[in-house]
Amino acid sequence: MKERIVNLVSIAVGAGIGTLLRFILATGFSTGYPMGTFLANIIGSFVLGALTGWFMYRIPKEWVRLGLGVGLCGGFTTMSTLAADTVFLLENHLLQAVIYVSSSLLGGIVCALIGYSFTTKLSRRKEVGDS
């Protein structure tokens, strides 16, 4: 029971921090184009990919993994705002909406792969150095 509470608290703390960081990023870009949401999703994808790669070789405590992955990255990234921004763009700018969705999805996947590749290579190198 204690472990479950620690996990839930770490998720809540991570989500709170991630959400605040996303808000700060989004309010820094008030251009009318959802650049803040785009950047949050791209950066968050990279971070989650990097964490996933790192956690494959360096197994953290469950509360750390959940707090960073589910909490921080989950709070920082936002599918719902991406969807709402897309609907807003579709009203007047079809091409921008298509570019926004395409670049968000493709960019997120590419950044997750880059993050994952980077930390798995780093972990393997560190593992060889530890031997």
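The following exercises, each with a worked solution, concern a predicted model of a protein chain.

**Exercise 1. The overall fold**

Determine how many helices and strands the protein chain has, and state the pattern they follow along the sequence.

*Solution.*
Step 1. Count the elements: the protein chain has five helices and zero strands.
Step 2. Read along the sequence: the pattern is α-α-α-α-α.
Step 3. Consider the extent of the chain: its C-alpha atoms fill a box of roughly 55 × 35 × 20 Å along the principal axes.
Step 4. Consider burial: the protein chain has 131 residues, of which 31% count as buried.

**Exercise 2. Buried, partly exposed or exposed**

Classify glycine 18, cysteine 111, threonine 77 and phenylalanine 23 by relative accessible area.

*Solution.*
Step 1. Recall the cut-offs: buried means under 20%, exposed means over 50%, and partly exposed lies in between.
Step 2. Take glycine 18, found in helix 1. Its relative accessible area is 0%, and therefore glycine 18 is buried.
Step 3. Take cysteine 111, found in helix 5. Because its relative accessible area is 18%, cysteine 111 is buried.
Step 4. Take threonine 77, which belongs to the loop between helix 3 and helix 4. Its value is 24%, so threonine 77 is partly exposed.
Step 5. Take phenylalanine 23, placed in helix 1 (residues 2–27). Its relative accessibility is 55%, so phenylalanine 23 counts as exposed.
Step 6. Place phenylalanine 23 on the surface: together with Met1, Ile5, Val9, Val13, Ile17, Leu21 and Ile24, Phe23 makes a nonpolar surface patch of about 850 Å².

**Exercise 3. The salt bridge**

Identify which residue forms a salt bridge with glutamate 62, and describe where the two partners lie.

*Solution.*
Step 1. Find the partner: glutamate 62 forms a salt bridge with arginine 65.
Step 2. Check the distance against the cut-off of 4 Å. The closest N and O atoms are 3.6 Å apart, and the count for the model comes to one salt bridge.
Step 3. Locate the pair: both residues lie in helix 3 (residues 62–76), three residues apart, which is about one turn of the helix.
Step 4. Assess exposure: glutamate 62 has a relative accessible area of 33% and is therefore partly exposed. Arginine 65, at 36%, also counts as partly exposed.

**Exercise 4. The largest pocket**

Describe the volume of the largest pocket, its lining residues and their classes.

*Solution.*
Step 1. State the volume: the largest pocket holds about 180 Å³ of space.
Step 2. List the lining: Asn41, Ser45, Thr77, Thr78, Met79, Leu82, Ser104, Leu105, Gly108 and Ile109.
Step 3. Assign elements: helix 2 (35–57), helix 4 (79–92) and helix 5 (94–130) each give two or more residues to this lining. Helix 5 gives the most, with four residues.
Step 4. Sort by class: the lining has four nonpolar, six polar and no charged residues.

**Exercise 5. Distance in sequence and in space**

State how far apart in space, C-alpha to C-alpha, are threonine 77 and threonine 19, cysteine 111 and alanine 50, and glycine 18 and leucine 90.

*Solution.*
Step 1. Threonine 77 and threonine 19 are 58 residues apart in sequence, and their C-alpha atoms are 8.1 Å apart.
Step 2. Cysteine 111 and alanine 50 are separated by 61 residues in sequence and by 9.1 Å in space.
Step 3. Glycine 18 and leucine 90 are 72 residues apart along the chain, with 28 Å between their C-alpha atoms.

How values were computed. Residues are numbered from 1 along each chain as its sequence is written. This is a predicted model: local features need pLDDT of at least 70, side-chain atom pairs count only at pLDDT 80 or more; totals for chains, interfaces and linings use all residues. Side-chain values use heavy atoms; hydrogens and water are left out. On a 1 Å grid over the protein atoms alone, a cavity is a set of points where a 1.4 Å probe fits but cannot get out, and a pocket is an open set with protein on both sides within 12 Å along at least five of seven lines; lining residues have an atom within 4 Å of a point. Grid points are joined across faces, edges and corners, and a volume is the space filled by probe spheres set on the points. Ala, Val, Leu, Ile, Met, Phe, Trp, Tyr, Cys and Pro count as nonpolar, Asp, Glu, Lys and Arg as charged, and the others, Gly among them, as polar. Patches are made of residues with over 30% relative accessible area and no salt bridge: like charges are joined within 9 Å, nonpolar side chains (Val, Leu, Ile, Met, Phe, Trp, Tyr) within 5 Å. Accessible areas come from the Shrake-Rupley method with a 1.4 Å probe; for residues, only the protein chains shown count as cover. A salt bridge is a side-chain nitrogen of Lys or Arg within 4 Å of a carboxyl oxygen of Asp or Glu. Buried means under 20% relative accessible area, exposed over 50%, partly exposed in between (1.4 Å probe, protein chains only).
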